[in-house]
Amino acid sequence: MTEFFADAEASFNDAKFVFYGYPYDGTACFRKGASKAPDEIRKHSYNFETYLMELGIDLCDVSANDWGNLKITKNQDKNEKSLTELVSKIVDAVKFPIGIGGEHSLTPAAVQAVHSKYPNLSVVILDAHLDFRHEYEGNPKSHATVTRRVSEIVGLDKVRSIGIRSVSQSEISEARAIGLKFIESGWTELREYLTDVIDELDGPVYLSLDMDVIDPAFAPGVGTPEPFGMTPYEVLQTINFFADRIVGFDCVEVCPKYDNGNTSALAARIIRHLIGAVWQSQERFK
Ligand code: MN
Ligand code: MN
C-alpha cells in the first residue's frame, strides 16, 4: 500500500469505518489485474473534496481507518481465512468494514464474518453477472460463484441481486427454479423494486458492489465488462435506499490495466458517498 484511502486518518481503535484491501485476482477468467485495484482506488480517492455536496456532510467529521492490504498467498483458502478474521475483528468492535477488491471472491469470506455478528443479515449484490454457478473451472470459490456461496451462508431468501444481464442458461434455469430473487438491469422502475425489497428484507444488510454492474460507458476498467448496465446514479440511489441498514460493504472487480483512471475514480467516489450516507443515517457508526 502506497497511501491510505483519503481522509481515513483515524487509528483502528478510534475509527468507525475501516477500509481493507484484498489484492487478489487468482480466479479471474477474462481480464486479470484486479489485484492492483485497491491501491489504484486509494490513489484516486484524493481527487475529491472532503465535503459531499449531495449529502451536505464533510468526511473530515467521519472517523475512518485504513487497515491496509491483506497479505495474499497462493492459497485461496488461507487468504479468505485471514479476510474473515479481519472482518470479524472490525464488526465485533461495531465498526463498519469496507472491502476494496480485488475480485468478487472477497465477498463470501466477508459475509461469513458479518453474518456471525448479525445473524439476520441480508445481502444485496449489485452485479452484471448472476455469479450463481456451483463452481467455475473446477473452483467452487471462483468469482463466478459468489452469489451461490453467499446464499449458502445467509439463506437464499436473504439475497437480492440487482443489475443482472449475464448468466449461463443452466444458471438462470436453476435460479428461477429454486427462487433466487434478482432484477435485471434496464428495469425502468428501480425505485419501486427497491421499495419492495426494503419491505421484504428486515434488519441489517451487507452491500456488495461488483463494479461491472455499471455500464461500460461509465466504468470500462473492469475484469468482465458487460454492456447495457446501470448508471452510476442508479447505484447511488440503491445505496441511499439501504443506507440506514447497511452494516458492511465491498467494492470489487475494478481492473486498473483496462482503466484510464475514471473507473477507479468512480469507485472511490461511490465509496465516499456510501460512507457519508451510512454515517448520516446510523447512530451506531457515529
Ligand atoms: Mn461478480
Ligand atoms: Mn460481475
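This section describes the parallel sheet, the selected helices and the two manganese sites of a predicted model.

The sheet provides the frame for the description. Eight strands form an open sheet in the order 4-1-5-10-9-6-7-8, and the pairing is parallel. Its edges are strand 4 (64-69) and strand 8 (181-184), each of which pairs on one side only. Neighbouring strands of this sheet are turned by 15° against each other on average, when direction is ignored. Towards one edge, strand 1 (residues 17-22) and strand 4 run parallel and are joined by 4 bridges, and in this pairing F19 stands opposite D66 in strand 4.

Strand 9 (205-210) is flanked in the sheet order by strands 10 and 6. With strand 6 (122-126), strand 9 pairs in the parallel sense over 5 bridges, and I125 stands opposite S208 of strand 9. With strand 10 (residues 246-252), strand 9 pairs, again in the parallel sense, over 6 bridges, and here L207 is found opposite F249 in strand 10. The chain passes from strand 9 through helix 7 to strand 10, and this β-α-β crossover is right-handed. Both faces of strand 9 are covered, since V205, L207 and L209 on one side and Y206, S208 and D210 on the other are all buried. Because 6 of the 6 residues of strand 9 are buried, this strand is largely enclosed by the rest of the structure.

Two helices were examined in further detail. Helix 2 (residues 76-92) lies across strand 1, strand 4 and strand 5 (96-101), and runs at about 175° to strand 1. Within helix 2 is placed E80, which counts as buried because its relative accessibility is 8%, a value under the 20% limit that defines the buried class. Apart from residues up to four places away in sequence, E80 touches Y22, S105, A109 and K141. One of these contacts, A109, is among the buried residues of helix 3, which also include L106, T107, P108, A110, V111, A113 and V114. Helix 3 (residues 106-117) has 12 residues and reaches 18 Å from its first C-alpha to its last, close to the 16 Å expected at 1.5 Å a residue.

The model contains two manganese ions, and D127 coordinates both. For the manganese ion (ligand 1), the protein donors are H104 (ND1), D127 (OD), D131 (OD) and D210 (OD), which lie 2.1 to 2.2 Å from the ion. Along the chain these donors follow the spacing H-x22-D-x3-D-x78-D, and both D127 and D131 are buried. The manganese ion (ligand 2) is coordinated at 2.1 to 2.5 Å by D127 (OD), H129 (ND1), D210 (OD) and D212, the last of these through two OD entries. The sequence spacing of the donor residues of this ion is D-x1-H-x80-D-x1-D. Distant parts of the chain are linked in this way, with H129 in the loop between strand 6 and helix 4 (146-154), D212 in the loop between strand 9 and helix 7 (232-242), and 83 residues separating the pair. H129 counts as buried because its relative accessibility is 13%, and D212 is likewise buried, with a relative accessible area of 2%. The two ions themselves are 3.3 Å apart, and D127 bridges them. D210, which is listed among the donors of the manganese ion (ligand 1) and also among those of the manganese ion (ligand 2), belongs to the buried residues of strand 9.

A further buried position was identified in a loop. K158 lies between helix 4 and strand 7 (159-164), and it counts as buried because its relative accessibility is 18%, which falls under the 20% limit. When neighbours within four places in sequence are left aside, K158 is in contact with N120, L121, S122, V123, L201 and D202. K158 and K181 are 23 residues apart in sequence, and their C-alpha atoms are 9.0 Å apart in space.

Notes
Residues numbered from 1 in each chain as written. Chains lettered and ligands numbered in written order. Predicted model: local features only at pLDDT ≥ 70, side-chain atom pairs only at ≥ 80, totals over all residues. Heavy atoms only, no water. Donors = N, O, S within 2.8 Å, 3.2 Å for Na, K, Ca; no water. Helix = DSSP H or I, 4+ residues; strand = E, 2+ residues; numbered from the N terminus. Buried < 20%, exposed > 50% of the residue type's maximum accessible area, 1.4 Å probe, protein only. Pairing = 2+ DSSP bridges. Axes fitted to C-alpha atoms, helices over the stretch in contact; angles between N-to-C directions. Contact = heavy atoms within 4.5 Å. Expected span 1.5 Å × (residues − 1). Right-handed = clockwise from strand over helix to strand, strands pointing away.
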